[in-house]
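Here is a short tour of a protein chain, written for someone new to reading structures. Keep the picture open while you read, and try each question yourself before moving on.

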Amino acid sequence: MDQFREISVRQSEELSTYAALLRVKLKRDRKVDDFRVEIFSRQNDQLSLYVRGFLGSAVLKAVVSGDEFEC
């Protein structure tokens with residue numbers, strides 16, 4: 001997340017919004033956990049994260065705004 005903030009600060013004049021979809025696979029104890037993370041950002045230093053698990057069910061919703069982190 002630090003790298004993303006660094007890039008957004010560097011390009012703040014050009015960057016107004018940003019969205020990305022990440023697919024994450026974790027292997028542990030012969031089991032694979034597969035989930036998606038949706039990341040949304042606005043120019044005013046606000047970052048939203050939505051983690052979705054099996055069949056798109058919401059696992060975690062979080063917002064980072066300045067020094068605040070809300071789940």
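How many aromatic pairs does the structure hold? There is one aromatic pair in this predicted model. Its members are Phe 40 and Tyr 50, arranged edge-to-face, with 5.8 Å from centre to centre and 70° between the planes. It joins distant parts of the chain: Phe 40 belongs to strand S2 and Tyr 50 to strand S3, ten residues apart. If you wonder about those two numbers, a pair of aromatic rings is described by the distance of the centres and the angle of the planes. As for cover, Phe 40 is partly exposed at 36% relative accessible area, and Tyr 50 is partly exposed too, at 26%.

**The overall layout**

Now zoom out. The chain has one helix and five strands, and reading along the sequence you meet them in the pattern α-β-β-β-β-β. The five strands make an open sheet in the order S1-S2-S3-S4-S5, with antiparallel pairing. Which strands sit at the edges? They are S1 and strand S5 (68-70), each of which pairs on one side only. On average, neighbouring strands of this sheet are turned by 15° against each other, if you ignore direction.

What holds a sheet like that together? Strands of a sheet pair through backbone hydrogen bonds, either parallel or antiparallel. Here, S1 and S2 pair in the antiparallel sense over twelve bridges. Within that pairing, Leu 21 stands opposite Glu 38 in S2. S1 and S2 also form a hairpin, with two residues between them. Look at the turn and you'll find Asp 29, with a positive phi of about 50°.

Move on to the next pairing, where seven bridges join S2 to S3, again running antiparallel. One spot to find there is Val 37, whose bridge partner in S3 is Val 51.

**Charged partners**

Side chains of opposite charge can pair when their charged atoms come close. How many salt bridges does the count come to? The answer is four salt bridges, and the table shows three pairs among them.

| Salt bridge | Closest N to O distance |
|---|---|
| Arg 23 and Asp 34 | 2.7 Å |
| Arg 28 and Asp 33 | 2.8 Å |
| Arg 52 and Glu 38 | 2.8 Å |

Start with Arg 23 and Asp 34, which form a salt bridge. The pair links distant parts of the chain, with Arg 23 in strand S1 (residues 17-28) and Asp 34 in strand S2 (residues 31-42), eleven residues apart. Is Arg 23 buried or exposed? Arg 23 counts as exposed because its relative accessibility is 51%, over the 50% cut-off. Asp 34, at 30%, counts as partly exposed.

Next come Asp 33 and Arg 28, whose side chains meet in a salt bridge. Asp 33 counts as buried because its relative accessibility is 17%, under the 20% cut-off. Arg 28 is partly exposed, at 49%. There's a bit more going on here, too: Arg 28, Lys 31 and Asp 33 are linked in a network of salt bridges.

Then there is the salt bridge between Arg 52 and Glu 38. It also ties distant parts of the chain together: Arg 52 is in strand S3 (residues 46-52) and Glu 38 is in strand S2, 14 residues apart. Arg 52 is partly exposed, with a relative accessible area of 28%. You have met Glu 38 already, as the residue that Leu 21 stands opposite.

**The tail end**

Now follow the chain past S5, to the segment that holds Cys 71. Cys 71 is exposed, with a relative accessible area of 64%. Which residues does Cys 71 contact, leaving aside its neighbours within four places in sequence? They are Leu 60, Lys 61 and Ala 62. You can also look from Cys 71 to Tyr 50, a member of the aromatic pair: their C-alpha atoms are separated by 9.9 Å, and the two are 21 residues apart along the chain.

**The chain as a whole**

A few totals round things off. Of the 71 residues of the chain, 23% count as buried. The chain exposes about 6100 Å², and carbon and sulfur atoms supply 49% of that area. Finally, among contacts in the chain with a separation of 6 or more, 13% come from residues 24 or more positions apart.

Technical notes: Residues are numbered from 1 along each chain as its sequence is written. This is a predicted model: local features need pLDDT of at least 70, side-chain atom pairs count only at pLDDT 80 or more; totals for chains, interfaces and linings use all residues. Side-chain values use heavy atoms; hydrogens and water are left out. Helices (H or I, at least four residues) and strands (E, at least two) are DSSP runs, numbered from the N terminus. Buried means under 20% relative accessible area, exposed over 50%, partly exposed in between (1.4 Å probe, protein chains only). Contact means heavy atoms within 4.5 Å. Accessible areas come from the Shrake-Rupley method with a 1.4 Å probe; for residues, only the protein chains shown count as cover. Two strands pair if DSSP finds at least two bridges between them. Axes are lines fitted to C-alpha atoms, for helices over the stretch in contact, and angles run from 0 to 180 degrees between N-to-C directions. Rings of Phe, Tyr and Trp (its six-membered ring) pair if their centres lie within 6.5 Å; planes under 30 degrees apart count as stacked, over 60 as edge-to-face and the rest as tilted.
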